[in-house]
Amino acid sequence: MRVSSPSLPATVARPLLGRAAVARRAEAVVIPVGALLVGFAIFSVFLLLQGKSPTEFLSLVYRAGFGTAFSWQNTLSRAAPLLLAALCVALPARLGLVVIGGEGAIVLGGVGAGAAAVMLAGTPAALALPLMLVCAMVIGAVWIGAVGALRHFRGVNETIASLLMAYIAIALMNHLVEGPLRDPASLNKPSTAPLDDALRIGNLPGWDVHWGLAFGVVCCVLAWVLIEKTTWGFAARIAGGNVRAAQVQGLPVGWLIVGFTALGGAFAGMAGFFEVAAVHGSANASLAGGYGYTGILIAFLARHNPLAIIPVAVLLAGFEASSGLVQRRMDLPDATVLVLQGFVFLAILISDTLFGRFKFFAPERWSTRDGN
Amino acid sequence: MKAIGVETVHMTMQFGAFTALEDCSIKVSPGSFHALLGENGAGKSTLVKCMMGFYHATSGEMLVDRREARITDPKVAHTLGLGMVYQHFTLVPSLTAAENLVISREDAPRIIDWCNEHKKLQAFMARMPFQVPLDQPVQALAAGEKQKLEILKQLYLGRRFLILDEPTSVLTPAEADEVLGHVRQLCEDGEISVLMITHKFREVTAFADAVSVLRRGKLVGGGRVSDLSHADMAGMMMGDAEISKPAPRSGAAGAKVLELSGVTARDRSGLRDIQIDRLAVRAGEIVGIAGISGNGQMELMEILTGQRPRRSGEIKVKGTPYDATRNEARAHNVRYLPEEPLFNACAPRMTVAENMDFRSFDTNDRQSRFWLSGRNMRNRASDLVGKFKVQTTSIDSPINALSGGNVQRAVLARELSGDVDLLIISNPCFGLDFSAVGEIRTRIMQARNAGAAVLIMSEDLDEIMELTDRVLVMSEGRITYDVPTAEADIAMIGHHMAGHA
């Protein structure tokens, strides 16, 4: 009994067009949005169990986060450090590294900026501010770059190393602002010496939002260009996609890992700089405000795409901006927003297993006559 | 007779629109040793997985001991006396054979009375036609002993029908003969019936009494082994598909391209050393490294690709020291084809176009570039997809949507375009179908004829004999034998593979 072989279809080398191209791209949007909704649905059950109304919660979030020009400005101010903190997760993630200790680089970057301001007292602001920024970014880069180096050269798990190093960073910050760098005038809240008015960064012209937002948005765009449009970014994506393939191709995997983690750390350090120079006016314990941790959630929701980080960070900043109002109006603890974030994060992590499961998003499975 | 017969009746298995198994009826009578032949992807694994309850057949029935059986999961199969021995061992290496046997029992008690169990085990072993030392940790046993223990385990568990999934792929020819000899004896004694998946005609003729051949999910032939020749079986397996014979060899070996001297490195386990005292590959020759898997071939590949640091020694390409950096590989036209390309040479979630550009994305005719050119990437990919006949819906599809043969074609297209001076290959045809295999071997031969030095590591001795000009045998991390292929004797190579030098 013999069966003739089917003739192979003509070889095709066309790009995906029209509906197929849209479907492929839609997967990266639909699944995270779905996870966000599922996370919120679970959170609604949590609210209902306490006898609170999810719709009231949503309307309060809308009013406090996005309802008025004032609330938009509040939201955007909070979004600035989140953009940068999320980059500190997203850049290493493109190399396959899960770095969750951006908080440490923010804190130490802020301390570096505060200390630099003290040392540069009397220097013109045009010189002092860039030096403070560079100082904060270098410290952040070294801190998170060290995580990458430990990973590549010593095989230390980057997730655990970065998390533990964040605790070290916070302890180091407390030691410095309560000891060697303390301004004797700061009584209740140990801080570095307050910045000169000349060194305080003002707001974007016409807005009540500081310059950190503009820097954050620009950094997200630059990071996207780096990853998507340069050969370095492509090499990093190969290493993130399959490190063995990258090694066989002779790509400098170690340098890519150290470079991308350091760049992520530099962005987190920049967030610390803006917290000091634009928000607090000195480095103190307020630097450890949890931006680094919210940044993890944002980066995962954005699927580590720096452009997607921008809207996601604004959304999450809106939720955070509303926590005060939610607390007052609904008589809920202000940690409620953290509970929401937790549920959403869980949903996002689980949703990652759904990629590639839906035929709808995979044009190559639409017709079995094509290909294969 | 303890052995039971098993029969599949019109069994069909569909995965979505793909039919992996179509209307397949196979009968294994009690006490027979039945071989299941077929190329990779012919549906052999699907069939046995349906029989064992790992898959649920879309339609069709199964008869166990002439009674209809609904096998909903492997546990039901076990209760009916069906057992399976896998290609790779499922024993716990740190436990002794006795411990492995006892813990594999479904009714193993919470507190084990070892004195009693040992007595029972000894009584059990006394009834068996072959023995395995019971009180040694399994990791101290040779591969053949482990496979014997796997089979003893099935008998100990009271299985009366065994499926063996390529049971000899990790054994030397001598070990394989011994193990299969015992299995045949057990069948003749009426202890068990066996269905063995295999690729090897020799094993079928030497040990099996009946054979069924699958191709593309269909039963295409079979019968009593004594009525069939190797050519008959090969004909059924391949059908009338065109198999391109490797291009004829032409030209003679030239200057040395790759030279290793005194290279040592740690092996994967960190316990043993890899030691390559001398290895040279000349332009226009294919040197093959034969050996049983796990004897250092994987490590040698890693040393050559720069993934494994070497402790001492020197690698030279065209007379200059070589550390496998991207620049060196580019300057000397060194290319690699690692085994299982999807896992070792591709980023599975990136697109076909991106994957096909891994070697050239950062260069513009020898000048390095900073900005990525999406247009160049797509043009190059479209060009190569056409030239190498890669079957894909689009160059923007993720490469893991392609079949194994097409992934290998895409990688070949990437690595074999342009001038190639040194080609280092590991198991290029693992898991690929016939037509892809012929084509890939032809490409390798063409590279050789065009003057490339080729080093190929393969566990498939036939592949080595077909392609190479010179065969080396690797055993225990060392090269133990070196012979021109034309003068090579398979038995001698097998002898060295087994480490009896």
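## Talking through helix H14 of chain B

Trainee: What makes H14(B) largely enclosed by the rest of the structure?

Mentor: 12 of its 13 residues are buried, so H14(B) is largely enclosed. Buried means 20 or more other C-beta atoms within 10 Å of a residue's own (exposed is 12 or fewer, partly exposed is in between), with C-beta atoms placed from the backbone. Among the buried ones are Gly405(B), Val407(B), Arg409(B) and Glu415(B). Bear in mind this is a predicted model: local features need pLDDT of at least 70, side-chain atom pairs count only at pLDDT 80 or more, and totals for chains, interfaces and linings use all residues. Residues are numbered from 1 along each chain as its sequence is written, while chains are lettered from A and ligands numbered from 1 in the order in which they are written.

Trainee: Why is H14 called a helix?

Mentor: Helices are DSSP runs of H or I, at least four residues, and strands are runs of E, at least two, numbered from the N terminus. H14 of chain B covers residues 404–416, which is 13 residues. The expected span is 1.5 Å times one less than the number of residues; that gives 18 Å, and the end C-alpha atoms are 18 Å apart, so the two agree. After H14(B) comes Gly418(B), with a positive phi near 80°.

Trainee: How do you know what radius of gyration a compact globule would have with 501 residues?

Mentor: The rule is 2.2 Å times the number of residues to the power 0.38, with the radius taken over C-alpha atoms. That puts a compact globule near 23 Å, and chain B has 25 Å, which agrees. In chain B, 48% of the 501 residues count as buried.
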